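Please open the model in your viewer and keep the sequence panel visible, as this tour moves from one selection to the next. At each stop, make the selection before reading on.

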Amino acid sequence: FYLGAEYEKAGRHGEAMGVYEAAEKQGISNGRLLARVGDLSLRGGNRERAIAAYEKAAQLNPTDTGSQVNLATAYLEGGKVAESERCFRWVLTIEESAAAYNGLGLIAIQRQDPAAARVHFEHAVALDSGLVEAQLNLGLIYKMSGDLPRAKACFQAFVAKAPRAQY
């Protein structure tokens, strides 16, 4: 884990994946290892491999909410909305999670239910005002509903906290 993590920090993702794959070949299989494989697979654009790794991680450790959120997000990006919702809701049975509420808000948007989306995004922002995606999503919902003062506040929070390199 430490060697793979150091490779990841250095931006040497291929070498990190090689370390994790070598560990798997030697029979080391646990949720932490599989979560790292999932994360690197997503970063490399291989969503299906990421989903497979996250699913195995979830089986080995169903209370790992970080992996569950990542699995739900990968499902959502892959168009598997029902599976995504199931994972996000599972996370919320374990802990209050801004990321899970944000994901449920995105699902509500896909289902053209802006009222439910607003509730989920508001929960996400209340739990973690630093979750910039939720700030942006909530701002968009407020803008669509004509609540411009609240939209402006969310957009300002987003701009203040969003990493410039990423956005």
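## Where two helices meet

Begin by selecting V81, S84, E85, F88, R89, V91 and L92 in α6, and then add A99, A100, Y101, G103, L104, I107 and Q110 in α7, since these are the residues through which the two helices meet. Sorted by class, this contact of α6 with α7 holds nine nonpolar, three polar and two charged residues. Please keep in mind throughout that you are looking at a predicted model.

Now show α6 and α7 as ribbons, and look at how their axes come within 9 Å of each other and cross at roughly 150°. Because angles over 145 degrees count as roughly antiparallel, α6 is described as roughly antiparallel to α7. The crossing of α6 and α7 is left-handed.

## The whole chain

Zoom out until the full protein chain is in view, and colour it by secondary structure. How many helices and strands does the protein chain have? There are ten helices and zero strands, so that the pattern read along the sequence is α-α-α-α-α-α-α-α-α-α. If you turn the C-alpha trace along its principal axes, you will find that it spans about 55 × 30 × 25 Å.

Next, switch on the surface of the protein chain, whose accessible area comes to about 9,200 Å², with 53% of it belonging to carbon and sulfur atoms. Of the 167 residues in the protein chain, 39% count as buried. Among the contacts between residues at least 6 apart in sequence, 36% join residues at least 24 apart.

## The other partner of α6

Return to α6, which covers residues 81-94, and this time show it together with α5. These two helices pack at an angle of about 160°, and their axes lie 7 Å apart. That angle makes α5 roughly antiparallel to α6, and the crossing of the pair is left-handed.

To see the contact itself, select T65, Q68, V69, L71, A72, T73, Y75 and L76 on the α5 side, and V81, E83, S84, R86, C87, F88, W90, V91 and I94 on the α6 side. By class, this contact of α5 with α6 consists of eleven nonpolar, four polar and two charged residues.

Stay with E83, which lies in helix α6 and is partly exposed, with a relative accessible area of 31%. If you draw a distance from the C-alpha atom of E83 to that of A72, a residue eleven places away along the chain, the viewer should show a separation of 7.0 Å.

## A serine in α5

Move now to S67, which is found in helix α5, residues 65-77. Is S67 buried or exposed? With a relative accessible area of 5%, S67 is buried. Show the side chains of A35, Y54 and A57 as well, for these are the residues in contact with S67 once its neighbours within four places in sequence are left aside.

## A loop residue to finish

For the last stop, select Q112, which lies in the loop between α7 (98-110) and α8 (114-127). Q112 is exposed, with a relative accessible area of 72%, and its backbone deserves a second look. Most residues other than glycine have a negative phi. Q112, although it is not a glycine, has a positive phi of about 55°.

Technical notes
Residues are numbered from 1 along each chain as its sequence is written. This is a predicted model: local features need pLDDT of at least 70, side-chain atom pairs count only at pLDDT 80 or more; totals for chains, interfaces and linings use all residues. Side-chain values use heavy atoms; hydrogens and water are left out. Helices (H or I, at least four residues) and strands (E, at least two) are DSSP runs, numbered from the N terminus. Buried means under 20% relative accessible area, exposed over 50%, partly exposed in between (1.4 Å probe, protein chains only). Contact means heavy atoms within 4.5 Å. Axes are lines fitted to C-alpha atoms, for helices over the stretch in contact, and angles run from 0 to 180 degrees between N-to-C directions. Angles under 35 degrees count as roughly parallel, over 145 as roughly antiparallel, 65 to 115 as roughly perpendicular and the rest as oblique. A crossing is left-handed if the near helix is turned anticlockwise from the far one by less than a right angle, and right-handed if clockwise. Ala, Val, Leu, Ile, Met, Phe, Trp, Tyr, Cys and Pro count as nonpolar, Asp, Glu, Lys and Arg as charged, and the others, Gly among them, as polar. Accessible areas come from the Shrake-Rupley method with a 1.4 Å probe; for residues, only the protein chains shown count as cover.
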